[in-house]
Amino acid sequence: AAANLLIRKLGGPERVTKLVRALGDPETRLDRYETMMNRVLPGEVHDTTTPRAMAETVVRLFTEDLLSKDSMQRLRGWMIATETGKRRLRAGLPSEWTVGDKTGTAFTKAMANKTNDVAIAWMPGRETPIAVAAYYESDGFHDRIRAEGPAGAPLLATLLVELSLRDRYLGLESRARALLDEAFRTAPDDVVVELALAERLSEDGFPLAALDWVLDMQRRYPA
């Protein structure tokens, strides 16, 4: 496989892990070659990572001086051209965003089904990309699964709310408001989005209206 040729070119799995550590990633590790690296049983840690570590490493590759400009553009092009992720994370992102991803799928009788994806996205007017890593493991092995549907809107909406809060703390009020409005358009009935909007309404000088909104949410979403 092409992946194995690259791993050998870099010096083997142990050398790849050392290179990843040098990038500042304390979690991701490679111990074996394809296809054995895909066989990880419950409790095993070889050939593993975490969603957070993977997302942070991907962002670092595109924002720090870890790659040459040519290599960065080549990686960007590869991820954008990926066909296997069009119905995973990128399916739930706005069409005007530039998005790339790398999927991972494992259906083996000795393990639970695994469906993974890490996406990198560039928003219009925002230089720094954002990354989302989603790693899903089923309750066991299933030889038949439903077709992949679009990514859930609540995931994207929550991400937009978090970006909005960060921009607000940075003093970028107009961009923060635009992101929160986009979150509402994406998932208008999401609790996180509604709470963020109620808080903004209170800060805008309408505390009673914000309180009414929260009370209405309590009626609609009883504990």
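**Close-ups of a predicted chain**

**View 1. Arg90, a buried arginine in a loop.** With a relative accessibility of 15%, under the 20% cut-off, Arg90 counts as buried. This is a predicted model, and here we zoom in on the loop between helix 4 (69-81) and strand 1 (98-106), which is where Arg90 is found. The side chain of Arg90 makes a polar contact of 2.7 Å with the side chain of Asp101. Leaving aside residues up to four places away in sequence, Arg90 also touches Met79, Ile80, Thr82, Gly85, Val99 and Gly100, with Asp101 on that list too.

**View 2. The sheet, strand by strand.** Three strands make an open sheet, ordered 1-2-3, with antiparallel pairing. Strand 1 and strand 3 (130-137) sit at the edges with a single partner strand each, so each has one side without a neighbour in the sheet. From one strand to the next, the twist averages 10°. Look between strand 2 (residues 114-122) and strand 3 and you'll find 8 bridges joining the antiparallel pair. For a handy landmark, pick Ala119, which stands opposite Val132 in strand 3.

**View 3. Helices on the sheet.** Helix 3 (residues 51-63) lies across strand 2 and strand 3, and runs at about 150° to strand 3. Helix 4 packs on the sheet as well, touching strand 1 and strand 2. The direction of helix 4 makes about 65° with that of strand 1.

**View 4. Helix 6 and its two sides.** Helix 6 (residues 173-186) has 14 residues and spans 20 Å from its first C-alpha to its last, close to the 20 Å expected at 1.5 Å a residue. Ala176, Leu179, Leu180, Glu182 and Ala183 are the buried ones here. Down the axis of helix 6, the buried residues fall within an arc of 155°, so they line one face of the helix. It's the usual helix arithmetic: at 3.6 residues a turn, residues three or four places apart point the same way. On the other side of helix 6, Ser174 and Arg185 are exposed.

**View 5. Zooming back out to the chain.** To place the close-ups, the chain has 8 helices and 3 strands, and from the N terminus on its elements run α-α-α-α-β-β-β-α-α-α-α. The C-alpha atoms fill a box of roughly 65 × 45 × 30 Å along the principal axes. Of the 223 residues in the chain, 36% are buried. Among contacts with a separation of 6 or more, 45% involve residues 24 or more positions apart.

Conventions
Residues are numbered from 1 along each chain as its sequence is written. This is a predicted model: local features need pLDDT of at least 70, side-chain atom pairs count only at pLDDT 80 or more; totals for chains, interfaces and linings use all residues. Side-chain values use heavy atoms; hydrogens and water are left out. Helices (H or I, at least four residues) and strands (E, at least two) are DSSP runs, numbered from the N terminus. Buried means under 20% relative accessible area, exposed over 50%, partly exposed in between (1.4 Å probe, protein chains only). A polar contact is a pair of N or O atoms within 3.5 Å; within protein, one must be able to donate a hydrogen and the other to accept it, and residues adjacent in sequence count only if both atoms are side-chain atoms. Contact means heavy atoms within 4.5 Å. The expected span of a helix is 1.5 Å times one less than its number of residues. The arc is that of the directions from the helix axis to the C-beta atoms. Two strands pair if DSSP finds at least two bridges between them. Axes are lines fitted to C-alpha atoms, for helices over the stretch in contact, and angles run from 0 to 180 degrees between N-to-C directions.
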